[in-house]
Amino acid sequence: MPKWFTPAAIVCGLMFAVAPLLIAQAPYESTMGLVQKIFYVHLPSAWVFLLSAIICGVASVRYLFGGNPRHDRLAWAAAELVVLFGAITLVTGPLWARKAWGVWWQWDVRLTSSLMGWMVAVAYMLLRKYGGPGSDKLAAGLALFGMANVPFIYISVNYWRTIHPTTNVVPTLPTSFGLPLWFSAVTFMVMYVLLLRLRVRLEEQRSRLDALYLSADN
Amino acid sequence: MFARIVWLVLRKDFTVEVRSLEIVTTALFFAVSCVLIFAFALVQEGRAPEGGAAGILWIAIAFAGTLALGRTFERERQSETLRALLLAPAARPAIYVGKLLGIVALLLGAELILVPLVALLFQAPLLSRPLWLAIILVLGTLGFAAVGTLFAAMLVRARSRDVLLPVLLYPITVPVIIAGVRATAALLQPEVDMAIISFWLALLTCFDVVFVTLALWTFEPLMTD
């Protein structure tokens, strides 16, 4: 493990301990009340979800055309975290939507494209798990197509009406809301980096073990 | 040279299919069964749901298409003919295009029977503007088959490929299904809004171009061991 891992893990743990206090002392939003506090989990996890999907896609393309197994391990680790943070986003979103919009789910552009992106990541995992030998290349191809798919889903669903808050909400937030938000965003980001490093390491050890088995066989 | 290889692959598939008629008959029967299941599920008190026909048509195409894709490449796998095809001194993209055109032709053939059937069973005026419907169907089928042919080809070597093909294919082809259903539904309205139809057709065209290009680009690295 790299030297920074343990201190970063301790800092991340402390930040996760402090974050609820910050979120609790943030003022209540006037129309939604307590439910609005889901926002401090929903938005950071959605950001990490998107970031991880981009990392997975870029690493997959590099693996497909470069063939370096490091990129493959990174893509796999990122895809798993897409599934994890996507699940958090997709669970916290409807909880909030039920209160804010009165419905659990809307076929709106962001919800639909997030769901489809998440499903591609799940398909990626299924392919890696059950595809057998050679599925690494196939999974990289899938990730490439999944990435190319995003704008199409976005445009096609954008043609319907949307009620999801837009991205320009965030910079205009007052400090009392903004501070806990940015704090938890940084916390999620640190946790993401830690998990990604851990997951890549697991794959590294696994491939090292495979190499050892192979050399023992010879 | 490229066109000749495409033609040869297409003719080979066509000859094999004409001799057995296996995929055409099974995929078509499957599609018709899908339509019937939807008819039983959705028709209440003898009345078909309004605007359901477009969705049912596209679901039947997607399901039958998956079946046809799986069978086409399963046949290539059984006697290792795909390996022989890839060993041939031919450009890989040409092989892909040949396979793609074969699948598209097969699906369009199935749609020739599906469309009147859906129109009949769901009292939908599908055939009132045959030219527009044909354009929508060709573009949608091409987009679906472009992704499907690549995925089915690369899954030939994978384990549990029968399950994985739909699992991988449907999330990726969602835009095609959305655009196809929306354009067909717009066509079924009493007052046809050409702006809506041309928007979805433009989206379908973009999708086709991007995904055929991507498939041609990745077919080589994906099919190399």
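User: How many residue pairs are in polar contact between chain B and chain A?
Analyst: Four residue pairs, both residues at pLDDT 80 or more. A polar contact is a pair of N or O atoms within 3.5 Å; within protein, one must be able to donate a hydrogen and the other to accept it, and residues adjacent in sequence count only if both atoms are side-chain atoms. This is a predicted model, where local features need pLDDT of at least 70 and side-chain atom pairs count only at pLDDT 80 or more, while totals for chains, interfaces and linings use all residues. Residues are numbered from 1 along each chain as its sequence is written, chains are lettered from A in the order in which they are written, and side-chain values use heavy atoms, with hydrogens and water left out.

User: And how many salt bridges between chain B and chain A?
Analyst: Zero. A salt bridge is a side-chain nitrogen of Lys or Arg within 4 Å of a carboxyl oxygen of Asp or Glu.

User: Which helices of chain B touch chain A, then?
Analyst: H6 (130-155), H7 (161-188) and H8 (194-223) of chain B each supply at least two residues of the side that touches chain A. Helices here are DSSP runs (H or I, at least four residues), numbered from the N terminus.

User: Which one gives the largest share?
Analyst: H8(B), with 14 residues.

User: What kinds of residues are on that side of chain B?
Analyst: They divide into 27 nonpolar, two polar and three charged. Ala, Val, Leu, Ile, Met, Phe, Trp, Tyr, Cys and Pro count as nonpolar, Asp, Glu, Lys and Arg as charged, and the others, Gly among them, as polar.

User: How many residues does the contact take from each chain?
Analyst: Chain B gives 32 residues and chain A gives 28 residues. Contact means heavy atoms within 4.5 Å.

User: New topic. Where is Arg199(A)?
Analyst: Arg199(A) sits in helix H6 of chain A, residues 175-217.

User: Buried or exposed?
Analyst: Arg199(A) counts as buried because its relative accessibility is 11%. Buried means under 20% relative accessible area, exposed over 50%, and partly exposed in between (1.4 Å probe, protein chains only).

User: What does Arg199(A) touch?
Analyst: Leaving out residues up to four places away in sequence, Arg199(A) touches Trp76(A), Ala77(A) and Glu80(A). With Glu80(A) there is also a polar contact, side chain to side chain, at 2.6 Å.

User: Back to chain B. What is the makeup in helices and strands?
Analyst: Chain B has eight helices and zero strands.

User: How much of chain B is buried?
Analyst: Buried residues are 49% of its 225 residues.
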